[in-house]
Amino acid sequence: MKKEDAVQKFPALPSALFLILCLALSGPVAAQTSKAAETLADSTVYVTNTGKKYHREDCGSLSRSKIALSMADATGSGYEPCNVCKPPVLVVPAVSSQAAALYQVNIAGLGSVSQADLSRMTRAEVVDHVDGDTVRVRIRNPPPGLAAVETIRMIGVDTPETVHPRREVEFFGREASEFTRQKLLGNSVSLAFDWDRRDRYGRLLAYIYGSDGDCHNAVLIREGYAHAYTAYSFQFVDEFRGLEQEARRAGRGLWGRLWLEDNQY
Ligand SMILES: [Zn+2]
């Protein structure tokens, strides 16, 4: 029999099981009495083949099987302390309620900004206003990868002053800036994310949802305060292009006919 065949015929035990067997064969380790957390985590407890509890060495529940584990492994594997022998309990630090993964509209596969689930977004408070498409927020209990205070560049929009330095468009940039200030500054908002986490300036890229459930990025475009910014792809690129067309046809804000005529010559 070739070596490869032998390996196939007698597959290696899963390493975790192998480790447990080694521990069991090496004989019971004296129970640690130290209260120190690291010592406690290393101390040995016992589980059975089928039970969901862990036990002290002398517990009657271990008559059928007895597998030695460290406290850390037993707790990490989901075993709970036995009610009868009352083994020691590791106190695991509580996980922050906001430590969950960031809500990404691309992973959620959303077809429209209106389908987003506000309950899964990161909560924040708008503490400063930069311009129409950029604000600063404070995030309580920021999830991994985010800071307590972040500058947010809204995804998929560009308010006029940053891309179109022509004077007549700068005017609408100021309008957009004021619109965002009035809508968001001092308010609680919810943040959703997409493919790219940050831009080249380190600003956080996000969709900002107001307490009314509206996506501010989309509202800016729909109301004629911003262009759809499609240089980088994002989940709602088609929807945002459509909103811009709608705003142009309706002559809203930036696209207002009267205003354009006044400034044509
Ligand atoms: Zn027990």
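# Exercises on a predicted fold

Among contacts in the protein chain between residues at least 6 apart in sequence, 59% join residues at least 24 apart. Keep in mind that this is a predicted model. The chain has 10 helices and 11 strands, and of its 265 residues, 30% count as buried.

## Exercise 1: the barrel

Work out which strands form the closed barrel, and how strand 5 and strand 6 pair with their partners.

**Solution.**

Step 1. Start with the overall order: the closed barrel has 5 strands and runs 5-6-7-10-9, with mixed pairing. From one strand to the next, the twist averages 55°.

Step 2. Now take strand 5 (residues 122–131). With strand 9 (residues 188–192) it pairs in the antiparallel sense over 4 bridges, and with strand 6 it pairs in the antiparallel sense over 5 bridges. A hairpin of 2 residues links strand 5 to strand 6.

Step 3. Pick out Glu-125 as a landmark. Opposite Glu-125 stands Ser-188 in strand 9, and Glu-125 also stands opposite Arg-138 in strand 6.

Step 4. Carry on to strand 7. Strand 6 and strand 7 run antiparallel and are joined by 5 bridges; here Val-137 stands opposite Glu-150 in strand 7.

## Exercise 2: a valine in strand 6

Decide whether Val-135 is buried or exposed, and list what it touches.

**Solution.**

Step 1. Find the residue: Val-135 lies in strand 6 (residues 134–138).

Step 2. Count the neighbours. Val-135 has 26 other C-beta atoms within 10 Å, and a residue is buried if that count is 20 or more. So Val-135 is buried.

Step 3. Look for contacts, skipping residues up to four places away in sequence. Val-135 touches Val-126, Asp-128, His-129, Val-130, Ile-152, Thr-180 and Leu-184.

Step 4. Check a residue from elsewhere in the sequence. Leu-185 is 50 residues from Val-135 along the chain, yet their C-alpha atoms are separated by 8.3 Å.

## Exercise 3: the nonpolar core

Say which elements build the largest nonpolar core, and which one gives the largest share.

**Solution.**

Step 1. The largest nonpolar core holds 41 residues, and those touching the most other members are Leu-191, Ala-192, Ala-206, Tyr-207, Ile-208, Tyr-209 and Ile-221.

Step 2. Elements giving two or more residues to this core are strand 5, strand 6, strand 7 (149–154), helix 7 (167–184), strand 9, strand 10 (204–209), helix 8 and helix 9. Strand 10 supplies the largest share, 5 residues.

Step 3. Zoom in on Ala-206. Leaving aside neighbours within four places in sequence, Ala-206 is in contact with Ile-152, Met-154, Ile-155, Leu-191, Ala-192 and Phe-193.

Step 4. Don't miss the other core, which lies apart from this one: it has 10 residues, among them Val-47, Tyr-54, Ala-74 and Tyr-79.

## Exercise 4: helix 9

Test the length of helix 9 and find out where its buried residues point.

**Solution.**

Step 1. Helix 9 (residues 237–250) has 14 residues, so at 1.5 Å a residue it should span 20 Å. Its end C-alpha atoms are 20 Å apart, which agrees.

Step 2. The buried residues in helix 9 are Glu-239, Phe-240, Leu-243, Glu-244 and Ala-247. Viewed down the helix axis, they fall within an arc of 140°, so they line one face of helix 9. Here's the background: an α-helix has 3.6 residues a turn, so residues three or four places apart point the same way.

Step 3. These buried residues pack against helix 8 (216–222) and strand 11 (227–228). On the other side of helix 9, Asp-238 and Arg-249 are exposed.

Step 4. Right after helix 9 comes Gly-251, with a positive phi near 65°.

## Exercise 5: two unusual loop residues

Locate Lys-86 and Asn-141, and explain why each counts as exposed.

**Solution.**

Step 1. Lys-86 sits in the loop between strand 4 (80–81) and helix 5 (105–108). Its phi is positive, about 45°, although Lys-86 is not a glycine.

Step 2. Asn-141 is in the loop between strand 6 and strand 7. Its phi is also positive, near 50°, in a residue other than glycine.

Step 3. A residue is exposed if 12 or fewer other C-beta atoms lie within 10 Å of its own. Lys-86 has 11 such neighbours, so it counts as exposed. Asn-141 has 12, so it counts as exposed too.

Conventions
Residues numbered from 1 in each chain as written. Predicted model: local features only at pLDDT ≥ 70, side-chain atom pairs only at ≥ 80, totals over all residues. Expected span 1.5 Å × (residues − 1). Arc of directions from axis to C-beta. Contact = placed C-beta atoms within 7 Å. Pairing = 2+ DSSP bridges. Core = buried A, V, L, I, M, F, W, Y, C linked by C-beta atoms within 7 Å. Axes fitted to C-alpha atoms, helices over the stretch in contact; angles between N-to-C directions.
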